[in-house]
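Here are a few notes to help you find your way around this structure. Keep the 3D view open as you read, and take the points in order.

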Amino acid sequence: MTGRVGGGAGQAVVAVADPGADLRHRVTGTTVTLRGADGAPLAAHEVTVEQRSHALGLGNIGFDLIPLANGETTVRPADVETFGGASLDGLEHLAELWLEVFNTATLPFYWGAFEPRRGEPGTERLRRTAQWFADRGVALKGHPLLWHTVTAPWLLDLDVDEIERAQRERIRREVSGFAGLVDTWDAVNEAVIMPVFDKEDNGVTRLCRARGRIATVRMAFEEARAANPDATLLLNDFDMSTAYECLLEGVLEAGVGVDVLGLQSHMHQGYWGEERTLAVLDRFARYGLPIHLTESTLLSGDLMPAHVEDLNDWQVEHWPSTPAGEERQAEEILRHYRTLASHPSVEAVTYWGLTDDGAWLGAPAGLVRTDGTPKPAYEALRDLVKGAWWLAPTTTRTDDEGRVTVRGWAGDYRLTTAAGVVDVRLGGPARTGTSGEPVDVSVSGSAAG
């Protein structure tokens with residue numbers, strides 16, 4: 001649980017790591033020396049310490065909130081792709097639930113929906129959405145720059161050289177155009193299956209067959225890197241077999257600059273469990289790259305049959321959330337997030353959908369029911385990340401030299417005194433270590449807010 005320690009001068013303010021898993025590597029600390037405007041230490045001053053954010057990426061898709069960010073809360077535009085399927089009624093409430101838990105939003109750049117007609121991309125609509133999230137302190141990721149599904153239909157009218165030229169131009173346009181707002185990208189999505197994909201003809205699969213997987217991956221990463229050298233670029237896949245490892249080894253040997261490995265875990269056929277999850281993480285951690293769980297889902301209804309190989313092949317008319325399923329989902333989401341957080345290579349976790357309203361495949365994978373009420377899984381996750389993993393406002397006093405020690409989950413913290421406020425950051429990604437350097441800061445500004 002969260003510690004709320006106060007009392008004597010210089011008393012440490014401590015957030016205790018969640019006892020449900022070994023998360024000590026997520027916790028860091030530092031000693032902050034507070035000084036007034038004259039440079040003198042604020043000795044024996046009352047100070048309130050509160051956590052403001054997690055360094056751990058806690059993501060969800062932002063698709064459903066695109067209409068809200070664009071003022072489309074009464075009528076959906078007839079000629080504009082709205083992506084998320086949530087009903088317009090109640091989007092403000094959905095946004096409140098979203099912002100209460102998550103700090104990272106994945107935005108949809110599916111080429112076929114983003115630019116269904118060549119030369120007419122939906123740039124401004126997604127830019128307004130990205131700015132809406134950024135104004136609320138949410139980090140952004142674009143998904144994806146290159147994928148063989150939901151790709152531009154007009155690519156089929158081009159030859160392979162023209163497809164490659166169009167794909168390069170598309171990557172440069174999006175990455176440079178959104179630089180400073182969206183700086184993390186799924187550069188390539190699902191390259192393992194890309195050249196052998198046979199569900200439908202598409203331009204990207206044609207390109208990958210002609211050029212090869214590694215060359216196609218290289219092209220996407222090089223164009224994205226040139227467009228924004230500071231971008232964080234992911235290679236993302238659902239295939240957790242050795243085929244992904246083989247592709248990755250070839251890509252890294254070829255010198256492609258992969259920043260982060262993306263792993264998907266749509267658990268429509270049942271929770272993986274701690275042993276399998278940690279085994280997968282260990283296999284991919286050996287490449288020395290940070291890991292993002294880019295797409296996670298757990299069901300609150302009947303599970304998909306185990307014999308289904310492609311999740312997209314399971315289509316049912318009605319797939320309800322059930323009381324028993326909701327209890328199971330709540331338990332499993334705690335186990336899943338604790339397991340992921342226990343692994344030092346994991347830097348971010350994105351749950352794929354907040355609500356059952358318009359959820360992928362119609363599955364009861366959301367954390368909120370179709371009527372807008374939170375499921376037990378939502379409440380469990382909220383209580384975990386804003387309770388067990390969170391330092392609530394805690395009051396203590398500085399010592400005779402104006403010092404106070406703060407220890408908690410890596411992230412942003414605010415220290416408030418009668419003289420003003422100061423913000424400090426504890427640690428960073430788990431792999432960078434657990435100790436923080438001392439901080440010496442001057443307090444200024446209003447103590448309110």
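**Notes for a first look**

1. Let's start where two helices meet: Leu207, Cys208 and Arg211 in α6 are in contact with Arg213, Ala215, Thr216 and Met219 in α7. Sorted by class, this contact of α6 with α7 has four nonpolar residues, one polar and two charged. Please bear in mind throughout that you are looking at a predicted model.

2. How do these two helices sit relative to each other? Two packed helices are described by the angle between their axes and the distance between the axes. For α6 (residues 203-211) and α7 (residues 213-227), the angle is about 115° and the axes are 6 Å apart.

3. Arg211 deserves a closer look on the α6 side. Is Arg211 buried or partly exposed? Its relative accessible area is 33%, and because partly exposed covers the range between 20% and 50%, Arg211 is partly exposed. Leaving out residues up to four places away in sequence, Arg211 touches Val160, Asp161, Glu164 and Thr216. Pro195 is 16 residues from Arg211 in sequence, and their C-alpha atoms are 9.4 Å apart in space.

4. Now follow α7 itself. With 15 residues at 1.5 Å a residue, α7 should span 21 Å, and its end C-alpha atoms are indeed 21 Å apart, so the two values agree. Helix α7 lies across β7 (184-189) and β8 (232-237), and runs at about 155° to β8.

5. Which residues of α7 are buried? They are Thr216, Val217, Met219, Ala220, Phe221, Glu223 and Ala224. These buried residues pack against α5 (160-177), β7, α6, β8 and α8 (242-253).

6. Next, find the barrel. Eight strands close it, in the order β4-β5-β6-β7-β8-β9-β10-β11, and the pairing is parallel. From one strand to the next, the twist averages 30°. As one example of the pairing, β9 (residues 260-267) and β10 (residues 291-298) run parallel over seven bridges, and Met267 stands opposite Leu298 in β10.

7. What about the nonpolar interior? In soluble globular proteins, nonpolar side chains tend to be buried together. Here the largest nonpolar core has 122 residues, and Val188, Phe284 and Trp389 have the most contacts inside it. The element that gives the most to this core is helix α11 (residues 376-388), with seven residues. A second core, separate from this one, has five residues, among them Ile61, Phe63, Tyr110 and Trp352.

8. Val188 is a good residue to click on. Setting aside residues up to four places away in sequence, Val188 touches Leu146, Met194, Val217, Ala220, Phe221, Leu234, Leu235 and Asn236. You have already met Val217, Ala220 and Phe221 among the buried residues of α7.

9. Thr277 is found in helix α9 (residues 274-285). Why is Thr277 classed as buried? Its relative accessible area is 2%, and buried means under 20%, so Thr277 qualifies. Beyond residues up to four places away in sequence, Thr277 touches Trp272, Thr339 and Leu340.

10. Finally, look at the hairpin formed by β14 and β15, with two residues between the strands. Strand β14 (residues 411-417) runs antiparallel to β15, and seven bridges join them. Thr417 stands opposite Gly420 in β15. Strand β15 (residues 420-426) is mostly covered, with five of its seven residues buried.

Definitions and conventions:
Residues are numbered from 1 along each chain as its sequence is written. This is a predicted model: local features need pLDDT of at least 70, side-chain atom pairs count only at pLDDT 80 or more; totals for chains, interfaces and linings use all residues. Side-chain values use heavy atoms; hydrogens and water are left out. Axes are lines fitted to C-alpha atoms, for helices over the stretch in contact, and angles run from 0 to 180 degrees between N-to-C directions. Helices (H or I, at least four residues) and strands (E, at least two) are DSSP runs, numbered from the N terminus. Contact means heavy atoms within 4.5 Å. Ala, Val, Leu, Ile, Met, Phe, Trp, Tyr, Cys and Pro count as nonpolar, Asp, Glu, Lys and Arg as charged, and the others, Gly among them, as polar. A nonpolar core is a set of buried Ala, Val, Leu, Ile, Met, Phe, Trp, Tyr and Cys residues joined through side-chain atoms within 4.5 Å. Buried means under 20% relative accessible area, exposed over 50%, partly exposed in between (1.4 Å probe, protein chains only). Two strands pair if DSSP finds at least two bridges between them. The expected span of a helix is 1.5 Å times one less than its number of residues.
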